[in-house]
Amino acid sequence: MSFLMDPTISITLSTLFGLIVGSFLNVVIHRLPKIMERDWLNECAELRGEPIQPTERLTLAVPRSHCPHCGHVIRARENIPLISYIILRGRCSACKSRISRRYPLVEAMSGVLAGLIVWKLGASWASVGALLFVWAMIVLTFIDLDTQLLPDSITLPLLWVGLLLNLGGTYTDIRSAVIGAAGGYLALWSVYWAFKLATGKEGMGYGDFKLLAAIGAWFGWQMLPLTILISSMVGAVVGIALIVFARHGRNMPIPFGPYLACAAVIALFWGKTLNQQYLGLL
């Protein structure tokens, strides 16, 4: 396995593996909200004392991926990351309906970030953890954009994994990680209640608190101000652009999770450098 220590080989293999994982991430993004909705409906029916209606089994593995328009089951050769999309020209092989550009976008993001992580951190356990982190950020970003939800089934395990990894000081010391988890949650929790008491409206969801807590658990409390600053700046720019150019109503909610995720990935790659420059300006 010594050949994996060669940077070119390890970066290439990690990029290819990231493309494959990206294909699975598309499945998670599409199906997890549907699974959550089905579970909620079943729980509500159970609380009302109603019988749970039998439905087709739905998991991340079952049924096989298929075209949402014609039901055509996607064959293995039609599911090669990026390549299949290009060969099929972005259309279903059976009914010729358009395939969303999000699918190759997620695959490309997953592959490129995987390669960058191994380039930055080398072939190490820190890279393995970072891969899991960025893949979780990709999934959370697109689920939040679609549904304005940040699933607990991702944010909470992410928090605990961050704390466990930092028991050995992988990204920060455990003391900073614990304070970061608590501080991340309390920071947005305080903003939420201040906004609600002032306006009577909810400015963000509880999923945002948990996501920032997870980010704090991974990178320590020292990265929280930078993460909040970057996410707020990006969110403000995008929000203003949507209002001005896309005629997005001011009362229409804009998910904050994608901006937190974007800031977290920036913190992963350049957080320490940016923190030094940021603190130097202060």
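A residue counts as buried when its relative accessible area is under 20%. Ser 176, at 4% relative accessibility, therefore falls in the buried group. Keep that cut-off handy for this predicted model, since burial comes up again and again below. The protein is built from 9 helices and 0 strands, and 39% of its 282 residues are buried.

**The overall picture**

- Going along the sequence, you simply meet one helix after another, in the pattern α-α-α-α-α-α-α-α-α.
- The radius of gyration is 21 Å, close to the 19 Å that the globule rule gives for 282 residues, so the protein is as compact as a globular protein of that length.
- If you draw a box around the C-alpha atoms along the principal axes, it comes to roughly 60 × 60 × 45 Å.
- Take the contacts between residues at least 6 apart in sequence: 69% of them join residues at least 24 apart.
- On the outside, the protein exposes about 16500 Å², and 67% of that comes from carbon and sulfur atoms.

**The largest nonpolar core**

- This core has 57 residues, and the ones touching the most other members are Phe 133, Val 134, Trp 135, Met 137, Ile 215 and Phe 219.
- Two or more residues each come from H1, H3, H4, H5, H6, H7, H8 and H9.
- H4 gives the largest share, with 13 residues.

**Around Trp 135 and Ser 110**

- Setting aside residues up to four places away in sequence, Trp 135 touches Phe 17, Gly 18, Val 21, Leu 25, Ser 110 and Ala 114.
- Ser 110 is part of helix H3, which covers residues 102–121.
- With 0% relative accessibility, Ser 110 is buried.
- Look past the neighbours within four places in sequence, and Ser 110 is in contact with Gly 18, Val 21, Gly 22, Leu 25, Trp 135 and Ile 138.
- So what turns up in both contact lists? Gly 18, Val 21 and Leu 25 are among the residues that touch Trp 135, and they are also among the contacts of Ser 110.

**H7, Gly 220 and Ser 176**

- H7 has 14 residues and spans 20 Å from its first C-alpha to its last, close to the 20 Å expected at 1.5 Å a residue.
- The rest of the structure largely encloses H7, because 13 of its 14 residues are buried.
- Right after H7 comes Gly 220, with a positive phi of about 90°.
- Ser 176, back in helix H6, touches Gly 216, Gly 220, Trp 221 and Gln 222 once residues up to four places away in sequence are left out.

**Backbone spots in the loops**

- The peptide bond from Val 62 to Pro 63 is cis, with omega near -5°.
- You'll find Pro 63 in the loop between helix H1 (7–47) and helix H2 (83–87).
- Leu 82 also sits in the loop between H1 and H2, and its phi is near 65°, a positive value in a residue other than glycine.
- At a relative accessible area of 26%, Leu 82 is partly exposed.
- Gln 148 has a positive phi too, near 60°, and is again a residue other than glycine.
- The loop that holds Gln 148 runs between helix H4 (125–147) and helix H5 (152–165).
- Gln 148 is partly exposed, with a relative accessible area of 43%.

Conventions: Residues are numbered from 1 along each chain as its sequence is written. This is a predicted model: local features need pLDDT of at least 70, side-chain atom pairs count only at pLDDT 80 or more; totals for chains, interfaces and linings use all residues. Side-chain values use heavy atoms; hydrogens and water are left out. Helices (H or I, at least four residues) and strands (E, at least two) are DSSP runs, numbered from the N terminus. Buried means under 20% relative accessible area, exposed over 50%, partly exposed in between (1.4 Å probe, protein chains only). Contact means heavy atoms within 4.5 Å. A nonpolar core is a set of buried Ala, Val, Leu, Ile, Met, Phe, Trp, Tyr and Cys residues joined through side-chain atoms within 4.5 Å. The expected span of a helix is 1.5 Å times one less than its number of residues. The radius of gyration is taken over C-alpha atoms; the globule rule is 2.2 Å times the number of residues to the power 0.38. Accessible areas come from the Shrake-Rupley method with a 1.4 Å probe; for residues, only the protein chains shown count as cover.
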